[in-house]
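This report follows the packing of helices and the pairing of strands in a single chain. Please keep the sequence and the coordinates at hand while reading.

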Amino acid sequence: MSEDYKSMWESLELDLKAHDALLEVLGKGYQDIYLAQKNRPEGMGYFDFVMSEVHGLRIRELLDEKAAGQKVIGSFCVFVPEEIVRAADAILVGLCAGADFAGEEVEKLLPRNTCSLIKSAFGFKLGKVCPYIESADMIVGENTCDGKKKSYEILKDLVPNLYVMDLPQVKSAEGRALLKAEFVRFKEAVEKLTGIAIDAKRLKKGIEIVNNKRKAIYRLSSLRKADPPSISGLDALLANQVFFYDNPARFTESVNKICDELEKRIENSEGVFPKETPRLLLSGCPMAVPNWKLPWIIETSGAVIVGEESCVGERGTRNLTDDSGTTVDELMEAIIDRYFQVDCAIFTPNPDRLDHIVEMVEKYQANGVIHYGLQFCQPYLMESMPVEKALEAKNIPTLRIDTDYSMEDVGQLKTRVEAFIEMLK
Ligand code: BJ8
């Protein structure tokens, strides 16, 4: 660890010992899961570098940008409109975490039967190991699932700067009106935080920045239609995870570079896996870094993941925001329209998600779907039943997995996944 980073982490009041232990586990996991893969695209070197510096160089950049007057806003959900954040020259970073930490401390504040994603966010805060949360000038909590919205009542006493955004649960005219009111209120809060009045020109620029990174990641997704697959699901997932942390322009450029490389690979029928490897779609809860357990099990069991129907995946990135408006009002309406299409399982009813899963199966020519639900996540576990039914009706084999962040069930999951893949052959 460089002395420079050590003093930086100290300035953020991280617990250096605990943080070192976390980085060690993260580094080992990355080595065993990512670097152990064969035939990776060269462009993934960029993401290897990003991951090796995720608490180092990227935090240094954020702190430099803060010193230059920019604000950092942290979020736990893809409903927080990045366009508005960028329009005020602020930076949006994802705060969801994909590893258990400080479990005992967490369970003093949250019931044991809370999903791992929420527990992990609390664990990273309580264990003082997350430089992102400590760098944030504003942390946005959103009223989505019950677990998250109730946990923010507790989080507000742990952080000095929590802003809670209400969200609709129904896709009705009233639901859209609520989303609009909340996005307008959020815009005002961002203006207050940054001291910048967001005009149409700024909003257009914000939309352009975010659309560009969505287009790049969507281009990457589209290249996963090829057989043999030119990139592993693990690597594609990593790009989707880094989407939430990286400098957007650099991210866009790096993803486009990988896409150029993948196009060449596809032309030469070069793959990371042999032709006709069983192809799976992953659907369900978001997977935050370093939650790679299930994809790793799948891709070391003889299948390839060809798409993620997830917020760290197509649910979060697939729709662009229309940038043709010329006034703040028109552009805000376009932003609201774009986000109102996100088919999170907190909505009731939520038929669009079922359609989207089927559409993705067809588009990526998946042979089956693995539905991933985090234990105690009611929205996604409840919805996994109708998802399975809808897929069965179309003769699409489906496996429902219900798990958490611990590694205790790896053996059992591997047996189930292998049997499912065997059945697809
Ligand atoms: S838009 S999916 S990012 S809320 S896993 S915390 S749902 S109990 S994460 Fe999400 Fe926004 Fe929806 Fe996407 Fe609750 Fe379930 Fe835990 Fe979850």
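In this predicted model, helix 3 (residues 44-52) and helix 13 (residues 248-267) cross at roughly 145°, and their axes come within 9 Å. On the side of helix 3 the contact is made by Met44, Tyr46 and Phe47, which meet Arg250, Phe251, Ser254, Val255 and Ile258 of helix 13. Sorted by class, the residues of this contact are six nonpolar, one polar and one charged.

A further helix pair is formed by helix 2 (residues 16-35) and helix 12 (residues 233-242), whose axes lie 10 Å apart at an angle of about 130°, which makes helix 2 oblique to helix 12. Here Tyr30, Ile33 and Tyr34 in helix 2 meet Leu234, Asp235 and Leu238 in helix 12, and the contact comprises five nonpolar residues, no polar residue and one charged residue.

The values for the two helix pairs are set out below.

| Helix pair | Angle | Axes | Residue classes in the contact |
|---|---|---|---|
| Helix 3 and helix 13 | roughly 145° | within 9 Å | six nonpolar, one polar, one charged |
| Helix 2 and helix 12 | about 130° | 10 Å apart | five nonpolar, no polar, one charged |

Turning to the sheets, strands 2, 1, 3 and 4 form, in the order 2-1-3-4, an open sheet with parallel pairing. Strand 2 (91-94) and strand 4 stand at its edges with a single partner strand each, so one side of each has no neighbour in the sheet. From one strand to the next, the twist averages 30°. Strand 3 and strand 4 run parallel and are joined by four bridges, and within this pairing glycine 141 has valine 164 in strand 4 as its bridge partner. Helix 4 (residues 57-67) packs on this sheet, where it touches strand 1 (72-75) and strand 2, and its direction makes about 150° with that of strand 2. Helix 10 (residues 173-194) also packs on the sheet, touching strand 1, strand 3 and strand 4, with a direction at about 160° to that of strand 4.

Helix 9 (residues 146-155) has Lys148, Ser151, Tyr152 and Leu155 buried, and these residues lie on the same side of the helix because they cover an arc of only 110° around its axis. Among the elements that cover them are helix 7 (116-126), strand 3 (138-142) and strand 4 (162-165).

Another open sheet has four strands in the order 6-5-7-8, again paired in parallel. Its edges are strand 6 and strand 8 (398-403), each with a single partner strand, so that one side of each is left without a neighbour in the sheet. Neighbouring strands are turned against each other by 25° on average, direction ignored. Five bridges pair strand 5 with strand 6 (residues 304-309) in the parallel sense, and leucine 281 has glycine 307 in strand 6 as its bridge partner. Strand 7 (residues 368-374) and strand 8 run parallel over six bridges, with glycine 373 opposite aspartate 402 in strand 8.

Strand 5 (residues 279-284) has six of its six residues buried, with Arg279, Leu281 and Ser283 on one side and Leu280, Leu282 and Gly284 on the other. How buried is serine 283 of this strand? Its relative accessible area is 2%, so serine 283 counts as buried. Beyond residues up to four places away in sequence, serine 283 touches Glu309, Arg353, Ile357, Val369, Ile370, His371 and Tyr372. Serine 283 and arginine 400 are 117 residues apart in sequence, whereas their C-alpha atoms are 9.5 Å apart in space.

Definitions and conventions:
Residues are numbered from 1 along each chain as its sequence is written. This is a predicted model: local features need pLDDT of at least 70, side-chain atom pairs count only at pLDDT 80 or more; totals for chains, interfaces and linings use all residues. Side-chain values use heavy atoms; hydrogens and water are left out. Axes are lines fitted to C-alpha atoms, for helices over the stretch in contact, and angles run from 0 to 180 degrees between N-to-C directions. Helices (H or I, at least four residues) and strands (E, at least two) are DSSP runs, numbered from the N terminus. Angles under 35 degrees count as roughly parallel, over 145 as roughly antiparallel, 65 to 115 as roughly perpendicular and the rest as oblique. Contact means heavy atoms within 4.5 Å. Ala, Val, Leu, Ile, Met, Phe, Trp, Tyr, Cys and Pro count as nonpolar, Asp, Glu, Lys and Arg as charged, and the others, Gly among them, as polar. Buried means under 20% relative accessible area, exposed over 50%, partly exposed in between (1.4 Å probe, protein chains only). The arc is that of the directions from the helix axis to the C-beta atoms. Two strands pair if DSSP finds at least two bridges between them.
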